Amino acid sequence: MKCCEATGEMTHARWERQLTRHMTEAWFLQRMAALALVCWLWTSLLLFCGAQAVRPEQTDVQVLSLNGKWSLRNGNGSLSLSAAVPGCVHTALQAAEFIQDPYYRFNDVLYRWISLDNWTYSLSFSAPPWIRTTKRVVLLFEEVDTISTITFNGVVIETTDNMFRSYEFELSGLLKKDVNLLEVAFVSAITYASQASQAHSSYKVPPDCPPPVQNGECHVNFIRKSQSSFSWDWGPAFPTQGLKGVQLQAFNFIRLQSLTTSTSRDSSSWIVDVDLFFDVVMETAGRALLFLPDLNVFQDFQLLLKEGQSKTSLVLLIPANVSVDLWWPNGHGHQVQYRLFLEARLDTGATFHREARVAFRTVELVQETIPSSPGLSFYFKVNGRPIFLKGSNWIPAHSFQDLVTPDMLRNLLQSAVDANMNILRVWGGGVYEQEAFYHLCDELGLMVWQDFMFACALYSIEKDFIQTVRYEVTQQVQRLKSHPSIIVWSGNNENEAAIATNWFSIPDDKRTRYVKDYVTLYVDNVKAIVEQEDRTRPFLVSSPTNGLESEKEGFVAHDPYDVHYGDTHFYSYVKDCLDWNQFPRTRLASEYGFQSWPSFSSLSKVSLPEDWEYNSKFSDHRQHHELGNLEMLLQVALNYRFPNNTDTLQRYKDTLYMTQVMQAECVKKQTEFYRRSRSEIIDGKGHTMGALYWQLNDIWQGASWSSIEFGGKWKMLHYLAVEFFSPVLPVGFEENGTLKIYGISDLSTNLTLRVKVTVYQWSSLTPACSSLSEERVLIENAATLMMQCLISDLLRDCGKCSRSSCLITFDLHDSSNPTQRHGPTNHLFLTSLRDAELHKPNITVGSGF
Ligand code: BMA
C-alpha cells in the first residue's frame, strides 16, 4: 500500500518536473525574443546574442517536488494515516476523519493530546536516473514546524528548531536508485519548550505560562514557533507539527537560490540593487543582463562565481532622464511595479533567468523636534510626503497555516483597502506571512509594519537560541526585503514595555541582566543583521517604543508609553469610551481597541443550542481575556440599554449585537480623536500621525478585538472604519459645551468648504433645523478646525430640541457647489444613547446577524 502511494506521488512529481522544464524553456525563448529587440543597443551584442541562438545545454536547476501524500504516525505507532504536505498533523487527522473540526466547541482542549504526542512524517520515493547523475542534489524544506530530526535512508541529516526558517541539506551520494526513505520525526513543541525552560536553570526567563483563562501551554518563549500557537488572549492553543513545501533541487554547475531587489535614490537618479545568492559547484564565469523593459533600461555584468555559497550584488542605475512612476500607499497614488528580468549565461553553457518586480519609493521615519512640544515627532514620509497611517493589526488568519489560501488573504486585505486603510502591522506574536500576503499588499498599496516574531515575553540569549534567531532574521529579511509595501522592521511586540514597566515582577537588583539580554537579542543581533541586509527602511527595536529616546536610554526607556515620543499602545476598558478626554494624545497610536463577539451565524457553526447564552460555559471558554465578557457588558451599560428580551436565544443574539455596536462606536471615537490630533499641539502633546487599531482579523470564532470575523464577515466596526478612515472626514466633538467640527484631509490639494450642521429629533427623519457655516479652507494632508459654536445656542435656535430629544449630523460641502459633499456625513449624540428619547423605528432588517 505504501509503495502504491509513493508511486502515485512520483508520477505526479515527474509530471510537475516535466512541466517546469517545458515552461522554463518556453519562457526562456520568449525572454530571448525580448532581448533580441534590445541587443542592437547592447555593447557586447555579438558575444551574448550569438550564444543565445544555441539551445542551452542546461538550465540552472531541476526541481523534483516531494509535496503530496506522505505517511504520518504518532509516537507509539498506534495511529497511522496519510497526510498532505504542505500540511500539519491536525489537518491530516481531520481530513482522515480521526477528529472533528478542531474549532468546534471545546475541541481545542479535548485535542491537546495531538500536540503532546511526537509525530513522524515519512515518504518513500524512487530517484529518477537523471537526478542521480546530477552533480549536486539539495533537499529543501521551506518550513519545518518545529522541533524535528530528519533522516534520509536511516542517516540523520539534520535537526530543526525553528519554524521561521527554511532548511536544506546536500543529498548527493545518499540517493538510492530504488526506494529512498525520508523521515521527519517531530518532538512535541510543548515538551520541548518545557525541557528548554528547565535546562535554563541559571535564572528565570518569564513568563512561565499564559493566564489560565487562555487554556494555553507554557514556556512558548523557549521555542522559535508562532508565539500565539500556545494560546493568546484572542486565540486557542494549537501547537502544530507539520511541513510546508519539500523538494529536491538538482544541478551540475550553479543554483540561483534567491534574488532580492531594493531601490534607493541618490540626489539625481534611482538605483536598483539586485542581490543574487548562488550555490556554485565549481568556480565559473559568465555574463548577466538586467533588463527593465517598461523603462527600456538594461545593463550587463560580468559574473565570477566562486565555489560554495556566494552572494553577488549588481547595481542597475536608472539614468536621470528616465522618468519613473512611483509606488504609493493606498489613497496617495498608484502602486506601480516594474518587471525586472535577469538573464545569465555561464561559460559552462548553463543559463538561468528570473523575473522579479521592482517598485520605486522612499521611506523615512521622521523623529525631530517640534515647536512647543517636548520630545520628538514620529511619523513616516513616503516619497517625501508625510503619511498619516490608517490601519490595523494583523494576526495569523488560522491556527493551521496550511489552510490559509490566497483567496482568504485577498478577501481580508481587500477588506482593509475597502475600509480606506493604508497600513497593516504584522504583529510579532504570529508568523512571518506567506509570499501571497506581501504580494497582495504591494498590489493593493497596503503598507506593512513588519514585526519580528517576539511578543509579550522575555527571551533567553543561550548560544543556540541566538544562532537560530540569526538564521531566521537573515532569511526573513532576504525573503521579504524586495516588497515595497514593507516600510518598517520592528524587533518585537511590547518587550521593551514589559521590562520598563516590570510586567514580570523582576526584582530591582536583577533588572540589569534582563536589560542586557534584551539589548543582546534585539540590538546586537536582530538590528545588526537587519541593518546589514537592508538599509532601505527604518528599524525600530520594539513597539511601543520611544524611538531615538529609547536608544538614548539604553534601548529600554523609563516609560516607552511616553506620548511625546514614538508609538503607543493604549487600552482602557472601564472608563466611558465615548469620552475622548481619556485618550492619550500620542505621536502614533499603533494599538488600541475594544472587544466584541462575532455574530451568531459564525458562533452557531461551532456550538450547540445549550451554548447560546452570554454566561454559558462555551461563552467563558471562547473568552481568553480575563474579565473580558464582563468588561464588554460594563462598557455597553455606560451608553446603551441592555437587551431584555424574555426569549433567551433572542436576548443572547441581541447581546452579541450590542457588543459590536459598543466596539464600533468606541473605536470610531478613539480613531477620530487621533485623526483630528494630527496638526495640533495641545499642552505639549499632539502631531499624531497614525491610528492602527487592534485587530483586523480573527483566528477562530471567539470574543476578540477584531473588526472582521473568522470566515471574513465584517463586524459593525469594519463598516464604520470605511467612514472613519475616509480620506476626507468631518469629526465633531464637544469640549466644555462647545461643538467643534474639524475637517480631516489626506488629500494633496486644499479644498474650500462649508460645514452643514443638521439637527434632528430622534422621532423624525425631517431635520429640525440646519445651518451652513462660513467657508473655510480644508488644508491638504492636515486636520483643520472648520467651525465651532455653543451647543446650547444651537439647540435654543433650533427650538423643540433638548440634548436627549435631538442629535446632530454634519457634513462638508463644496463652497462653490453646495450639492457636492466631501467625505461621509458624521454625527454627534448629545447624550448617552441610554438616555436618548428613542422611538420605536418600525424598521425590519434581514436576519443576517
Ligand atoms: C496588545 C497586543 C496583543 C494582545 C492585545 C489585546 O498589546 O500586542 O498582545 O492580543 O494587546 O490584549
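**A ligand site, two helices and some backbone exceptions**

User: How far does a polar side-chain atom of Tyr571 lie from an oxygen atom of the ligand?

Analyst: This is a predicted model, in which local features need pLDDT of at least 70, side-chain atom pairs count only at pLDDT 80 or more, and totals for chains, interfaces and linings use all residues. Residues are numbered from 1 along each chain as its sequence is written, and side-chain values use heavy atoms, leaving out hydrogens and water. For Tyr571, the polar side-chain atom and the ligand oxygen form a polar contact (N or O atoms within 3.5 Å). The distance between them is 3.3 Å.

User: What is the distance from a polar side-chain atom of Asp233 to an oxygen atom of the ligand?

Analyst: Trp234 also has a polar side-chain atom beside a ligand oxygen, at 2.8 Å. For Asp233 the distance is 2.5 Å.

User: How much of the accessible area of the ligand does the protein cover?

Analyst: On its own, the ligand has 310 Å² of accessible area (Shrake-Rupley method, 1.4 Å probe). The part of this that the protein covers is 91%.

User: How many residues of the shell around the ligand are charged?

Analyst: The residues around the ligand (a heavy atom within 4 Å) include Asp233, Glu494 and Glu591. Trp232, Trp234, Trp427 and Cys456 are also among them. By class, the shell has 7 nonpolar residues and 1 polar residue, and the number of charged ones is 3.

User: How are helix 16 and helix 17 oriented to each other?

Analyst: Helix 16 covers residues 628-639 and helix 17 covers residues 648-676 (DSSP runs of at least four residues). Their axes come within 9 Å and cross at roughly 70°. An angle of 65 to 115 degrees counts as perpendicular in rough terms, so the two helices are roughly perpendicular.

User: Which residues of helix 16 make the contact with helix 17?

Analyst: On the side of helix 17, the contact (heavy atoms within 4.5 Å) involves Thr655, Met658, Thr659, Met662 and Cys666. By class, the contact has 6 nonpolar, 3 polar and no charged residues. From helix 16 come Met632, Leu633, Gln635 and Val636.

User: Which residue does a cis peptide bond join to Trp694?

Analyst: Most peptide bonds are trans. Trp694, one of the residues around the ligand, has a cis bond with omega about 15°. Its partner lies in the loop between strand 36 (690-693; a strand has at least two residues) and helix 18 (716-724). That partner is Gln695.

User: What is the phi of Ser505?

Analyst: Ser505 sits in the loop between helix 11 (495-500) and helix 12 (511-533). Its phi is positive, in a residue other than glycine, and is near 50°.

Note on methods:
Axes fitted to C-alpha atoms, helices over the stretch in contact; angles between N-to-C directions. Parallel < 35°, antiparallel > 145°, perpendicular 65-115°, else oblique. Nonpolar A, V, L, I, M, F, W, Y, C, P; charged D, E, K, R; others polar. Polar contact = N/O pair within 3.5 Å; in protein donor to acceptor, adjacent residues only side chain to side chain.
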